[in-house]
Amino acid sequence: MEKLFTPIQIIAYGFLAAILLGSFLLVLPVSAKAGQQTAYIDALFTATTSICVTGLTTVTTAEHWSLFGQIVILCLIQFGGLGVITVTTSILLLLHKRITLTERILIQDAYNLNTLGGLLS
């Protein structure tokens with residue numbers, strides 16, 4: 001059976017999915033302070049720079065975003081800083097799911113490790 005995606009593609013698609021989800025959440029009216037609207041390009045840029053932890057913005061964070069929007073940005077920064085693989089593995093471990101060999105190989109590739117031993121500890 002052939003793999004659908006390579007480990008590198010899974011990581012890249014994970015970041016892309018997080019960016020798109022973040023931009024969708026940031027474009028919602030609840031994400032901006034009352035009376036303000038967010039253009040999708042601004043939401044997309046903010047989500048991308050938050051995931052990539054660069055800190056660039058097109059709007060002033062404190063003045064434009066509501067508490068909900070700021071929490072979304074904070075979560076994106078944490079997710080980007082920790083990494084897609086770390087967050088996914090942590091969630092699986094918290095849910096007491098088994099980490100399969102394929103997932104272990106993905107983790108090994110993501111962290112450029114030479115061995116699978118002690119991977120989850």
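**View 1. The whole chain is built from helices.** Six helices and zero strands make up the secondary structure here, and this is a predicted model. Walk along the sequence and the pattern reads α-α-α-α-α-α. The C-alpha trace covers about 55 × 25 × 25 Å along its principal axes. Of the 121 residues, 30% count as buried. Looking at contacts with a separation of 6 or more, 56% come from residues 24 or more positions apart. The accessible surface adds up to about 8000 Å², and carbon and sulfur atoms account for 67% of that.

**View 2. Here's the largest nonpolar core.** It has 11 residues: Ala-18, Ile-19, Leu-26, Ala-43, Ala-47, Ile-51, Val-59, Trp-65, Val-72, Ile-73 and Leu-76. Helices H1, H2 (40-51) and H4 (67-82) are the elements that each put two or more residues into this core. As background, nonpolar side chains in soluble globular proteins tend to be buried together.

**View 3. Zooming in on helix H2 and its last residue, Ile-51.** H2 has 12 residues and runs 16 Å from its first C-alpha to its last, close to the 16 Å expected at 1.5 Å a residue. Its buried residues are Ala-43, Thr-46, Ala-47, Thr-49, Ser-50 and Ile-51. What is Ile-51 in contact with, leaving aside neighbours within four places in sequence? The list is Phe-15, Ala-18, Ile-19, Leu-76, Phe-79, Gly-80 and Gly-81. Among these, Ala-18, Ile-19 and Leu-76 are also members of the largest nonpolar core, as is Ile-51 itself.

**View 4. Val-53 has a backbone angle worth a look.** This residue comes just after H2, in the loop between H2 and helix H3 (61-64). Most residues other than glycine have a negative phi. Val-53 isn't a glycine, yet its phi is positive, at about 55 degrees. Is Val-53 buried, exposed or partly exposed? Partly exposed, because its relative accessibility is 47%.

**View 5. A nonpolar patch sits on the surface.** Leu-4, Phe-5, Ile-10, Tyr-13, Leu-16, Leu-20 and Tyr-40 form this patch, and together they offer about 690 Å² of accessible area. Which helix gives the most to the patch? That's H1 (residues 7-27), with four residues. H1 also supplies two or more residues to the largest nonpolar core, so this one helix turns up in both views.

**View 6. A closer look at Tyr-13.** Tyr-13 lies in helix H1 and belongs to the surface patch. Its relative accessibility is 44%, so Tyr-13 counts as partly exposed.

How values were computed. Residues are numbered from 1 along each chain as its sequence is written. This is a predicted model: local features need pLDDT of at least 70, side-chain atom pairs count only at pLDDT 80 or more; totals for chains, interfaces and linings use all residues. Side-chain values use heavy atoms; hydrogens and water are left out. Patches are made of residues with over 30% relative accessible area and no salt bridge: like charges are joined within 9 Å, nonpolar side chains (Val, Leu, Ile, Met, Phe, Trp, Tyr) within 5 Å. Accessible areas come from the Shrake-Rupley method with a 1.4 Å probe; for residues, only the protein chains shown count as cover. A salt bridge is a side-chain nitrogen of Lys or Arg within 4 Å of a carboxyl oxygen of Asp or Glu. Buried means under 20% relative accessible area, exposed over 50%, partly exposed in between (1.4 Å probe, protein chains only). A nonpolar core is a set of buried Ala, Val, Leu, Ile, Met, Phe, Trp, Tyr and Cys residues joined through side-chain atoms within 4.5 Å. Contact means heavy atoms within 4.5 Å. The expected span of a helix is 1.5 Å times one less than its number of residues.
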